[in-house]
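Trainee: Could you take me through one helix pair in this model, slowly and with the terms spelled out?

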There are 2 protein chains.
Amino acid sequence: MSRRDVDLADLVGRARSADPRAVARLISLVESDSPLLRQVAAAITPHAGHAQVVGLTGAPGVGKSTSTSALVGALRAADKRVGVLAVDPSSPFSGGALLGDRVRMQEHAGDPGVFIRSMASRGQLGGLSAAVPQALRVLDAAGCDVVLIETVGVGQAELEIASLADTTLLVLAPGFGDGIQAAKAGIIEIADVFVVNKADRDGATQLARDLRHTQSLGGRTAAEGAWRPPIVKTVAARGEGVADVLAAVEQHRAWLTSSGELARRRQARAAAEIEAIALGTVRRRFAGVHGSSALAAAAARVVAAETDPYTAADELVASL
Amino acid sequence: MSRRDVDLADLVGRARSADPRAVARLISLVESDSPLLRQVAAAITPHAGHAQVVGLTGAPGVGKSTSTSALVGALRAADKRVGVLAVDPSSPFSGGALLGDRVRMQEHAGDPGVFIRSMASRGQLGGLSAAVPQALRVLDAAGCDVVLIETVGVGQAELEIASLADTTLLVLAPGFGDGIQAAKAGIIEIADVFVVNKADRDGATQLARDLRHTQSLGGRTAAEGAWRPPIVKTVAARGEGVADVLAAVEQHRAWLTSSGELARRRQARAAAEIEAIALGTVRRRFAGVHGSSALAAAAARVVAAETDPYTAADELVASL
């Protein structure tokens, strides 16, 4: 066994003992596309598969960070270990994290039962970085009972976060985009639980009513045994309704298990993850085979109108 | 030669004679992922590569459709044949086209020198549909001198449209997102020409000044011989400034040619197109090999923690 293997085994062992520095180091390794990435994945996989993954999404300003923090507090009160991934699927150009203030999370900063990480990353194919499911697996293997994934509401990213989560919470608030708008954007379809935050404000009752109306128009409730997303009102800043949110998450968890949907979702998640990694490998092969780029040569032929892109693509795949 | 080949040759011939029904039929064939797709691509490629491709992007409300229509009018006055692709990269759930009113384009509806097509399509990988570059190639092969690609400003899609265009126009207007916001979103970096539309309104001068200031902060002007995107003011609804926009496009075209950037962009565009097609082929192979799904089997092993996703991905690629 090489020294590198020994270090990694030690790192995974310490992460499983809730050493925050070991967890942080493992996530950095999967984020940085380090040569150790594959070894890290192999080392953590036997320990993963136990965490409950809860996604939080919603428009800017609805109180996602506050809600996340309140959920962390409630889960800690129930003696659960909690991981938080705050994902910012921003423009490839911007680079920086735009994820609102993380100030509210600081109340959990000294708690060894909570691990918080911000990730501002986009993948090669324009979607979510492959590092996000890997970081999720690190937190899972490190013994987190629950991993919360929080993201800003920007369309495609919400769908991808939802694909990672067992249960997706859509956080709304009066005045920040109404329920009908969410329905139009297709976002409403990813919600397993609706959280109407800032429920002490004007318009909260109307927002909940609009959501219920939109639900009644949709087809999700029609099928026997289908999950009907509950609508939970909260004032996250004061902790009100947070226990109800956790109860709804538990009910959804029970439904996921009894319906077989949990197994289906985890299978789909693993398939998407493997496919993204495999396509990354294929792309690297296209870009450089033995020091030359098969793709560049094919592109030059298409530009010169010597071949069409489909024929060029077939030849490229055949060259693998 | 089969009857199918004969029909296709006839169709391409008629498209090249500016028969709008033949052009529409060819675009429908590439959009529908028809079995004829590869034959269409092979048939049109020898005739493509001549059109100048101009992208128009910007936030909703800035007057993109009006600008497109005004540009079409000016290009027609110069006796150019023009194609217009209006692309709506909407949510996979919404399905419908959200591309504002196309009413203003109707003034060109009876003109045989103008071909207009709306495409509301997303690709398998979440990016722009592979049909968009194919439709572009159809218009190119059909003898369009200029193809205008118009899209709504929604981040990633703008970047992808820019990657298809020789010259990208970023249309702005006072009151619809300021220049600094555009800079933050990374959108400003894709512009070859800034069009400040609705220049008769309050705030237009300030918007142009903000853009100039943002430019002076950026690094693009530093390099010797680099293109400095000009700022052109228009009132597209009255045709004011449209000739200046076309002049700026021509200047950019001259720079593209002399600097070698045109060849570089077209090479990159062809490479991206071939890669997208090849990755689509690879994904289909992952999904179904001889009636069974290698990917589903790999995912089941990862869910059971029998293997990690990297090892599973390597095996999947090796199975190709």
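Mentor: Happy to; here is a close look at one place where two helices from two chains meet.

This is a predicted model, in which local features need pLDDT of at least 70 and side-chain atom pairs count only at pLDDT 80 or more, while totals for chains, interfaces and linings use all residues. Residues are numbered from 1 along each chain as its sequence is written, with chains lettered from A and ligands numbered from 1 in the order in which they are written.

Our pair is helix H10 of chain A, residues 261-287, and helix H12 of chain B, residues 309-318. Helices here are DSSP runs of H or I with at least four residues, numbered from the N terminus. Two packed helices are described by the angle between their axes and the distance between the axes. For H10(A) and H12(B), the angle is about 60° and the axes lie 8 Å apart. Axes are lines fitted to C-alpha atoms over the stretch in contact, and angles run from 0 to 180 degrees between N-to-C directions. H10(A) and H12(B) are therefore oblique to each other (neither under 35 degrees, nor over 145, nor 65 to 115).

Now the residues. From H10(A), Ala270(A), Glu273(A), Ile274(A), Ile277(A), Ala278(A), Thr281(A) and Val282(A) take part. They meet Pro309(B), Tyr310(B), Ala312(B), Ala313(B), Leu316(B) and Val317(B) in H12(B); contact means C-beta atoms, placed from the backbone, within 7 Å. By class, this contact of H10(A) with H12(B) has eleven nonpolar residues, one polar and one charged. Ala, Val, Leu, Ile, Met, Phe, Trp, Tyr, Cys and Pro count as nonpolar, Asp, Glu, Lys and Arg as charged, and the others, Gly among them, as polar.

For the setting, chain A has twelve helices and seven strands (strands being E runs of at least two residues). Of contacts in chain A between residues at least 6 apart in sequence, 74% join residues at least 24 apart.

How values were computed: Contact = placed C-beta atoms within 7 Å.
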